[in-house]
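The following exercises are to be worked with the sequence and the model open side by side. Each task is followed by a solution in steps.

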Amino acid sequence: MALQVGDKAPSIEAKDQDGNSIKLSDFQGKKIVIYFYPKDSTPACTAQACSLRDNYEALLAKGFAVLGVSVDDEKSHKKFANKYSLPFPLLADPDHNIVEAFGVWGEKMLYGRKYMGTIRTTFIIDEAGVIQEVISKIDTKNHAAQVLG
C-alpha cells in the first residue's frame, strides 16, 4: 500500500546516476518532489522527466529539490540523464528497497498480461519529512504543472 498524505517519508539511501550516495535526510529543511517512474528512456518516462527538467528553475524557485527513482541501475540512469540533460538526481533502486518502502511496487497490467512493476507516483514531502501530497494520476507531458499546482 502506497504511503499517504500525513505519513512520514521513510529514510532511504541510494546511489544516483553519478555514483553519489543520496539520502532523503540530505534534504532536511527543504521540500522534496520524489517521483517514481517505471523505466529509463521509455516515451512516457522521458516526457515526465523532461517536463520536470523544463520547469526545473520554477521548481527550485518554489523551494523544491527533485529526485527521480526507478529500479533501473546507475548505468541506465547515467545514459538517460545525459541524453536528456536532466539536472536532478535519479536514484537507482534495483533491489526494490525504495519502491517497496513507498508502496509503489505492485501489480500492473499491459496488453492483458499481469506483471509486477513500479506504479508511476509522485510524492511531495515538506521540510519536516512529512508527505503533503501524493499524485497518482500523472500527466507525463505536464507533470511539472501538477507539482507546481
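**Exercise 1. A strand pair**

How many bridges join strand β8 to strand β9, and do these strands run parallel or antiparallel?

Solution. The structure is a predicted model. Begin by locating the two strands: β8 covers residues 121-125 and β9 covers residues 131-135. Four bridges join them, and the strands run antiparallel. Next, take one position within the pair: Phe 123 stands opposite Val 134 in β9. Finally, turn to the connection. The hairpin of β8 and β9 has five residues between the strands, and Gly 129 in this hairpin takes a positive phi near 85°.

**Exercise 2. The chain as a whole**

Determine the order of helices and strands along the chain, and decide how compact the chain is.

Solution. Step one is the inventory: five helices and nine strands make up the secondary structure of the chain. Read along the sequence, these elements follow the pattern β-β-β-α-α-β-α-β-α-β-β-β-β-α. Step two is the comparison with the globule rule. The radius of gyration is 14 Å, close to the 15 Å that the rule gives for 149 residues, so the chain is as compact as a globular protein of that length. Step three adds the dimensions: along the principal axes, the C-alpha atoms fill a box of roughly 40 × 35 × 30 Å. Step four concerns contacts and burial. Of the contacts with a separation of 6 or more, 62% are between residues 24 or more positions apart. Of the 149 residues, 47% count as buried.

**Exercise 3. Surface and charge**

State what area the chain exposes and how far apart the mean positions of its positive and negative charges are.

Solution. The exposed area is about 7600 Å², and carbon and sulfur atoms supply 50% of it. For the charges, count 18 positive and 19 negative ones; their mean positions are 5 Å apart.

**Exercise 4. Two residues in regular elements**

Is Thr 118 buried or exposed? Is His 143 buried or exposed?

Solution. Place Thr 118 first: this residue is found in strand β7, residues 113-118. Its relative accessible area is 2%. The cut-off for burial is under 20%, so Thr 118 is buried. Beyond its neighbours up to four places away in sequence, Thr 118 touches several residues, among them Phe 36, Tyr 37, Val 71 and Trp 105.

His 143 belongs to helix α5, residues 143-148. At 0% relative accessibility, His 143 also counts as buried. Leaving aside neighbours within four places, His 143 is in contact with Gln 48, Ser 51, Leu 52, Thr 122, Ile 135 and Ile 138.

**Exercise 5. Positive phi in loops**

Where do Ser 85 and His 96 lie, and what is the phi of each?

Solution. Recall the background: most residues other than glycine have a negative phi. Ser 85 has a positive phi near 50° and sits in the loop between α3 (74-83) and β5 (90-92). The relative accessibility of Ser 85 is 52%; since exposed means over 50%, Ser 85 counts as exposed. His 96 has a positive phi near 70° and lies in the loop between β5 and α4 (97-102).

**Exercise 6. A residue before the first strand**

Which residues does Pro 10 touch, not counting those up to four places away in sequence?

Solution. Pro 10 lies in the segment before β1 (13-15). The residues it touches are Leu 3, Leu 24, Ala 101 and Phe 102. As a last step, consider Ile 124: Pro 10 and Ile 124 are 114 residues apart along the chain, and their C-alpha atoms are separated by 13 Å.

Definitions and conventions. Residues numbered from 1 in each chain as written. Predicted model: local features only at pLDDT ≥ 70, side-chain atom pairs only at ≥ 80, totals over all residues. Heavy atoms only, no water. Buried < 20%, exposed > 50% of the residue type's maximum accessible area, 1.4 Å probe, protein only. Contact = heavy atoms within 4.5 Å. Rg over C-alpha atoms; globule rule 2.2 N^0.38 Å. Areas by Shrake-Rupley, 256 points an atom, 1.4 Å probe, with all protein chains shown as cover. Lys, Arg positive; Asp, Glu negative; His and termini not counted. Charge placed at Lys NZ, Arg CZ, Asp CG, Glu CD. Pairing = 2+ DSSP bridges.
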